[in-house]
2 protein chains.
Amino acid sequence: MSEIKSLARGLKLLELLAQAENGAGITELAGQLDIDKSSASRLVQTLASYGFAEQDPDTRRYKLGPRIVTLSRTMLTRMPLRDEAKPFLRRLMERTGEGAHLAILSQGGALYVDQVESPATLRATTGVGTVAPLHCTALGKALLAFDAHAHFPTELKAYTPRTITSPETLRVHLDQTRRQGYAVDDEEYEYGVRCLAVPVFDYRGKAVGAIGISGPAGRISLERLSELAAITRTIGQELTDRLSFKP
Amino acid sequence: MSEIKSLARGLKLLELLAQAENGAGITELAGQLDIDKSSASRLVQTLASYGFAEQDPDTRRYKLGPRIVTLSRTMLTRMPLRDEAKPFLRRLMERTGEGAHLAILSQGGALYVDQVESPATLRATTGVGTVAPLHCTALGKALLAFDAHAHFPTELKAYTPRTITSPETLRVHLDQTRRQGYAVDDEEYEYGVRCLAVPVFDYRGKAVGAIGISGPAGRISLERLSELAAITRTIGQELTDRLSFKP
DNA sequence: GTGCCCGTTGTATAATGCACAACGATTGAC
DNA sequence: GTCAATCGTTGTGCATTATACAACGGGCAC
């Protein structure tokens, strides 16, 4: 049980550095963690000596270090699901013409772990590493509906007027999602952006992620929706089939 | 001076987890750091409780956690150079037809922090977060030649028969790079891949990064080299100009 | 079933991180 | 230009805390 306190503080400092827009000063950091300046200074120095933090030579303020970017990449390249899904994401993009994404459940949201951008000039781009809410994105809904580990969100924040904010409505919506086998985000997270997503299962039948497309509502029209859903479902099923032979 | 020991150990554990291909066990980790199993267990538990590590429920082995990917993204989005460079990277890709990259000096190499992929089916893709050697890549050479903070590599590892492995040759080569204002990697890092890069300077005249293109040697032919170099130099200069008004 | 190896947990001791304080450096106001 | 205030860093004694040792419980192979 017992956490290592100073390691925990160091990690909290990393999160604070991440939140700070233009870096953070030692005094400021110490205040937020309610620890002494000297402790904060030494902790951040340690982070810096391993490349996890960096000091601006001019302002003496600290920010996140480059080592994190490196680690992130090695983590992503070590993710088997990502390798398996890549060609299917490409196909999904080519057949629909829209940006394709792969997400997993993480940190109470949908974590985007890979993408294939659409060549169209007008494109909805959600970068790898983003955590999107579960209740108003297609990938999120797909995870929420099919992944047993997903916690039903306690707060349904409204991002647009179309966002579903009532738990009952969302539950009904998720039932429908399960029945039809794919999830839709109809401008519920961002104005003018529609998304479609389907879950992906591993050899044990457990949902391990979701793939989907995302694009301007003008191109992903309501008339094309069922056609695009069919394509997405097919490719999702193919990926699931591929993952069935992995144990 | 004095490092916080347990934080340092936690960070070392992160690096070990990054190196481990298929996750790592506690005993194994403890052995590599020469600490007790119990310490390693508690440290990794702390990492896990903040999402920096993750335990496979089946094998009980640990691997890197998803929080790192999130942090990496926030760090990249907070990097001003990246925002400034993005449109220039796009232009570079459009005018040359090759994949364009932005790199900074970090961890003794060239850290790729952004890219715009070529639409061509045959493309050389080096993902964001990769650290490439300085002596045999165009971006690396550009940084090595123009960034005063760059340390001359102690070991010049040969990746292909064309890799420059002699320090004297490399110094002469870097002099030439400085004179002509752009760097070339002629299949010195990867077979069949040629790259071109130019440094980018901030308002103080200090090199803060490099941008360049990378593609199959068939398309980046030696005849087109000077033409492509001119384009890259021009766009690099434009980005440098843009950064001059930032203080 | 039995022995082995793994990850986790309890505990006393000693090492380590912490609070307080002082120091140099930088910034801003007058 | 001078002074004061603030910031980040560094020393140091004390007390908290991380650690090593040991024991435990579970999974796996034989």
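Start by selecting Lys5(B) and DNA strand C: a polar side-chain atom of Lys5(B) lies 2.5 Å from a phosphate oxygen of that strand. Keep in mind along the way that this is a predicted model.

**Stop 1: around DNA strand C**

Stay with DNA strand C and widen the selection to its protein neighbours. You should find 21 residues surrounding the strand, and the closest are Arg9(A), Lys5(B), Gly25(B), Thr27(B) and Tyr62(B). Next, pick Ser39(A), which has a polar side-chain atom 3.3 Å from a phosphate oxygen of DNA strand C. Then click on Lys37(B). Here the partner is a base: a polar side-chain atom of Lys37(B) lies 3.3 Å from a base nitrogen of DNA strand C.

Now switch to a cartoon view to see which elements these neighbours belong to. Two or more residues of the surface near DNA strand C come from each of α1 and α3 of chain A, and likewise from each of α1, α2 (26-33) and α3 of chain B. Highlight α3(B), because the largest share of the surface near DNA strand C, 5 residues, comes from this helix. Coloured by class, the surface near DNA strand C divides into 4 nonpolar, 10 polar and 7 charged residues.

Which part of the strand faces the protein? Of the atoms of DNA strand C within 4 Å of the protein, 69% belong to sugar or phosphate and the rest to bases.

**Stop 2: across to DNA strand D**

Select DNA strand D and its surroundings. This strand is surrounded by 21 residues, with Lys5(A), Ile26(A), Thr27(A), Tyr62(A) and Arg9(B) the closest. Sugar and phosphate make up 70% of the atoms of DNA strand D that come within 4 Å of the protein.

Three side chains are worth a click here:

- Lys5(A) places a polar side-chain atom 2.4 Å from a phosphate oxygen of DNA strand D.
- Arg9(B) has a side-chain N or O atom 2.8 Å from a phosphate oxygen of DNA strand D.
- Ser39(B) has a polar side-chain atom 3.2 Å from a phosphate oxygen of DNA strand D.

Go back to the cartoon view. At least two residues of the surface near DNA strand D are supplied by each of α1 (5-19), α2 (26-33) and α3 (37-49) of chain A, and by each of α1 (5-19) and α3 (37-49) of chain B. Which helix gives the most? That is α3(A), with 5 residues. By class, the surface near DNA strand D holds 4 nonpolar, 10 polar and 7 charged residues.

**Stop 3: where the two chains meet**

Hide the DNA and show chains A and B in two colours. In this interface, 50 residues of chain B are in contact with 50 residues of chain A. The area buried between chain B and chain A is about 4600 Å², and carbon and sulfur atoms give 60% of that area.

How many salt bridges cross the interface of chain B and chain A? There are 6. To view one of them, select Arg78(B) and Glu21(A), whose side chains meet in a salt bridge with an N to O distance of 3.4 Å. Between chain B and chain A there are also 23 residue pairs in polar contact, counting pairs with both residues at pLDDT 80 or more.

Now keep just chain B's side of the interface. The side of chain B that touches chain A takes at least two residues from each of α1, α3 and α4 (67-77) of chain B. By class, that side of chain B has 22 nonpolar, 16 polar and 12 charged residues.

**Last stop: the layout of chain A**

Finally, zoom out and colour chain A by domain. Chain A is divided into domain 1, residues 5-69, and domain 2, residues 79-243. If you place a marker at the C-alpha centre of each domain of chain A, the two markers lie 35 Å apart.

How values were computed:
Residues numbered from 1 in each chain as written. Chains lettered and ligands numbered in written order. Heavy atoms only, no water. Near = heavy atom within 4 Å. Polar contact = N/O pair within 3.5 Å; in protein donor to acceptor, adjacent residues only side chain to side chain. Helix = DSSP H or I, 4+ residues; strand = E, 2+ residues; numbered from the N terminus. Nonpolar A, V, L, I, M, F, W, Y, C, P; charged D, E, K, R; others polar. Contact = heavy atoms within 4.5 Å. Buried area = accessible area lost by both parts, 1.4 Å probe. Salt bridge = Lys/Arg side-chain N within 4 Å of Asp/Glu carboxyl O. Domains from an automatic or database assignment.
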